[in-house]
Amino acid sequence: MDVGPDPYVQLLENWMPGIGECTELHDKLHGHFRLDFSVNSEARLLGFQLGHHPAANFLHVVIFSVISTVMYPRPYRNGWSDLRDFFRSYVLGKNFQLTSYWFIPRDILSWAGS
């Protein structure tokens, strides 16, 4: 039984550029970039989506960092290493803003933990 994403987490994320993209696209991007659904993989993908969107800016990074470490339900909360990977992915996403997700190398987010 697929319970889907936590509705509270979705509410907190959906106003942010890139992060608020539809759930179906987000799930397809997990497959495209070969990511599981762990907290760290979510942080990497959400950071990349935020950076990829032209309306995103550093204020969004700060706000996401605060809400994902303080307001998220405990199983979804980001730790320091998740925030580091979120920010690295955000910067990487900025570099690919003019490129469709489907033309971005699939293993680009596979550096986690390095």
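Valine 91 is partly exposed, with 37% relative accessible area, and you'll find this residue in helix α5. Valine 91 also belongs to a nonpolar surface patch of about 910 Å². Keep in mind that you're looking at a predicted model. Below is a quick tour of that patch, then the charged pairs, a buried asparagine, and some contacts between parts of the chain that sit far apart in sequence.

**The nonpolar patch**

- Which residues make the patch? They are Tyr8, Leu11, Phe58, Leu59, Val62, Val66, Val70, Met71, Phe87 and Val91.
- Three helices give two or more residues each: α1 (7-13), α4 (58-71) and α5 (80-95).
- Helix α4 is the top contributor, with six residues.
- Valine 91 can be part of the patch because patch residues need over 30% relative accessible area, and valine 91 has 37%.

**Salt bridges**

- How many salt bridges are there? The count comes to two.
- One of them joins the side chains of arginine 34 and aspartate 107, at 2.8 Å from N to O. Arginine 34 sits in the loop between α2 (23-32) and α3, while aspartate 107 is in the segment after α5, so this pair ties together parts that are 73 residues apart in sequence.
- Aspartate 107 counts as partly exposed, because its relative accessible area is 44%.
- Arginine 34 has something else to look at: a positive phi of about 55 degrees, although this residue is not a glycine.
- The side chains of arginine 84 and aspartate 85 also meet in a salt bridge, this time at 3.1 Å from N to O.
- Are arginine 84 and aspartate 85 buried or exposed? Arginine 84 is partly exposed at 38% relative accessibility, whereas aspartate 85 is buried at 1%.

**A buried arginine without a salt bridge**

- Arginine 44 is in helix α3, which covers residues 39-52.
- This arginine is buried yet has no salt bridge. Why not? The nearest side chain of opposite charge, aspartate 85, is 4.7 Å away, and a salt bridge has to be within 4 Å, so the pair misses the cut-off.
- What does the side chain of arginine 44 have beside it instead? One of its polar atoms lies 2.3 Å from the backbone oxygen of leucine 109.

**Asparagine 78, tucked into a loop**

- Asparagine 78 is in the loop between α4 and α5.
- With a relative accessible area of 8%, asparagine 78 is buried.
- Its side chain makes a polar contact with the side chain of serine 68, at 2.8 Å.
- Beyond neighbours within four places in sequence, asparagine 78 is in contact with Val39, Ala43, Phe64, Ser68, Thr69 and Leu83.

**The segment after α5**

- Phenylalanine 96 is found in this segment. Its C-alpha atom is 6.1 Å from that of histidine 52, although the two are 44 residues apart along the chain.
- Setting aside neighbours within four places in sequence, what does phenylalanine 96 contact? Its partners are Phe48, His52, Ile104, Pro105 and Ile108.
- Proline 105 lies in the segment after α5 too, and is partly exposed at 46% relative accessible area.
- Again leaving out neighbours within four places, proline 105 is in contact with Phe33 and Phe96.
- For a sense of scale, the C-alpha atoms of proline 105 and proline 75 are 30 Å apart, with their positions 30 residues apart along the chain.
- Serine 110 is another resident of the segment after α5, partly exposed at 48% relative accessibility.
- The side chain of serine 110 reaches the backbone oxygen of aspartate 107 at 2.7 Å. Aspartate 107 is also the salt-bridge partner of arginine 34.
- The C-alpha atoms of serine 110 and glycine 47 are separated by 13 Å, and the two residues are 63 apart along the chain.

**Leucine 25 and its distant partners**

- Leucine 25 is found in helix α2.
- Not counting residues up to four places away in sequence, leucine 25 touches Tyr101 and Trp102.
- How are leucine 25 and tyrosine 101 separated? They are 76 residues apart along the chain, with 10.0 Å between their C-alpha atoms.

Key. Residues numbered from 1 in each chain as written. Predicted model: local features only at pLDDT ≥ 70, side-chain atom pairs only at ≥ 80, totals over all residues. Heavy atoms only, no water. Patch = residues over 30% accessible without salt bridge, like charges linked within 9 Å, V, L, I, M, F, W, Y side chains within 5 Å. Areas by Shrake-Rupley, 256 points an atom, 1.4 Å probe, with all protein chains shown as cover. Helix = DSSP H or I, 4+ residues; strand = E, 2+ residues; numbered from the N terminus. Buried < 20%, exposed > 50% of the residue type's maximum accessible area, 1.4 Å probe, protein only. Lys, Arg positive; Asp, Glu negative; His and termini not counted. Polar contact = N/O pair within 3.5 Å; in protein donor to acceptor, adjacent residues only side chain to side chain. Contact = heavy atoms within 4.5 Å.
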